[in-house]
Amino acid sequence: MKRAIFEFKPDARDSSPLYVQLARKLGQAIRDGRYQADEALPSERLLSESLDVSRVTARKAIDQLVEQGLIVRRRGSGNYIAPRIEQPLSRLTSFSEELHQRGYTPSSRWLERAITAAVPDEQLSLGLSPGARVARLERLRLADDVVMAYEVSVLPQSVLPQPEAVDGSLYEYLTSIHKAPVRALQHIRALNAQPRLAEQLGVPVGQAVLFITRVGYLESGQAVELTHSYCRSDYYDFVAEMRREGGAA
């Protein structure tokens, strides 16, 4: 790494183990933007030599930051700053579009692409009659090979009769068939990851994740997409700009 490593001096007043202090210092440098997403970190050897700490201390500090989602390990390559997505709430974009705009490479790990019966909440959200069938797309969403979210998208069968035709971006495919949503309603809340979800996202059981429900509509008002997304909260920020109209300051 060409950039100079930050200065680290143990705080004698801090009773925390040395690796915790180092992890805290490095984590703050990452949050402050000193390192860019996908940037390689110095090796554990270089960290230990430059900061005058043992390699065990450097390794345990890195381990802690991996657990916090700030660093990802790539086998045979080294340690890298984890991608982080800042998604505005004022415009309707796809996961792939957001990643491309930020210089990441989006991909999907498909778990299911099938036609199934719509369950009651899907019927309600999409305005479908009982017994209606839907295309169900279940996948893990990745940025530069890092799992960012688990996602299930449901669309009326009349909109997507062949779900296996979707290979990459769902919105890109819907645009090609003139069925892309032009507006959406989105609800966001936090929940704790249960064992199956935690395993899929690569997080500890019970860790908070962002649960997002989105219903997308055509210009005509027809609901064409219901998507449930479970996003790693350590990788996602949602940003909303608010304006006060009239009234006193």
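Start by selecting Arg74, which is partly exposed at a relative accessible area of 25%. Three classes are used on this tour: buried is under 20% relative accessible area, exposed is over 50%, and partly exposed lies in between, with a 1.4 Å probe and protein chains only.

Before going on, note that this is a predicted model: local features need pLDDT of at least 70, side-chain atom pairs count only at pLDDT 80 or more, and totals for chains, interfaces and linings use all residues. Residues are numbered from 1 along each chain as its sequence is written, and side-chain values use heavy atoms, with hydrogens and water left out.

**Stop 1: Arg74 and its hairpin**

Arg74 belongs to strand 1. Helices (H or I, at least four residues) and strands (E, at least two) are DSSP runs, numbered from the N terminus. Now show the contacts of Arg74, where contact means heavy atoms within 4.5 Å. Leaving aside residues up to four places away in sequence, Arg74 touches Asp38, Tyr80 and Asp144. Add Asp145 to the selection. Its C-alpha is 9.5 Å from that of Arg74, although 71 residues separate the two in sequence.

Select residues 71-74 and 78-81 next. These are strand 1 and strand 2, joined in the antiparallel sense by 4 bridges. Two strands pair if DSSP finds at least two bridges between them. Which residue stands opposite Arg73 in strand 2? It is Asn79. The hairpin has 3 residues between its strands, and Gly76 there takes a positive phi near 80 degrees.

**Stop 2: the open sheet**

Zoom out to the sheet of 6 strands. It is open, its order is 4-5-6-9-8-7, and the pairing is antiparallel. Which strands form the edges? Strand 4 (106-117) and strand 7 (183-192) do, each pairing on one side only. From one strand to the next, the twist averages 15 degrees. Axes here are lines fitted to C-alpha atoms (for helices, over the stretch in contact), and angles run from 0 to 180 degrees between N-to-C directions. Strands of a sheet pair through backbone hydrogen bonds, either parallel or antiparallel.

Stay at the strand 4 edge. Strand 5 covers residues 133-143 and runs antiparallel to strand 4, with 11 bridges joining them. Select Trp110: opposite, in strand 5, stands Arg139.

**Stop 3: rings and charges**

Keep Trp110 and add Arg113. Arg113 lies over the face of Trp110, 4.4 Å from the ring centre. A charge sits over a ring if NZ of Lys or CZ of Arg is within 6 Å of the ring centre and within 35 degrees of the ring normal. Then select Arg183 and Tyr217. Arg183 lies over the face of this tyrosine, also at 4.4 Å from the ring centre.

Next, select Tyr150, Phe211 and Tyr230, which ring pairs link into a cluster. How many aromatic pairs does the structure hold? The count is 2. Rings of Phe, Tyr and Trp (its six-membered ring) pair if their centres lie within 6.5 Å; planes under 30 degrees apart count as stacked, over 60 as edge-to-face and the rest as tilted.

**Stop 4: three loops**

Go to Asp52, in the loop between helix 2 (44-51) and helix 3 (55-67). Its phi is near 60 degrees, a positive value in a residue other than glycine. Is Asp52 buried or exposed? It is exposed, with a relative accessible area of 71%.

Jump to His178, in the loop between helix 6 (170-176) and strand 7. His178 is not a glycine, yet has a positive phi of about 60 degrees. At 71% relative accessibility, His178 counts as exposed.

Finish the loops at Ser233, between strand 9 (223-232) and strand 10 (236-239). Ser233 is partly exposed, at 27% relative accessible area. Pick Ala190 too: the C-alpha atoms of Ser233 and Ala190 are 8.7 Å apart, with their positions 43 residues apart along the chain.

**Last stop: the whole protein**

Clear the selection and show everything. The protein has 7 helices and 10 strands. Of its 249 residues, 45% count as buried. Among contacts with a separation of 6 or more, 58% are between residues 24 or more positions apart. Turn on the surface: about 13,800 Å² is exposed, and carbon and sulfur atoms supply 48% of it. Accessible areas come from the Shrake-Rupley method with a 1.4 Å probe; for residues, only the protein chains shown count as cover.
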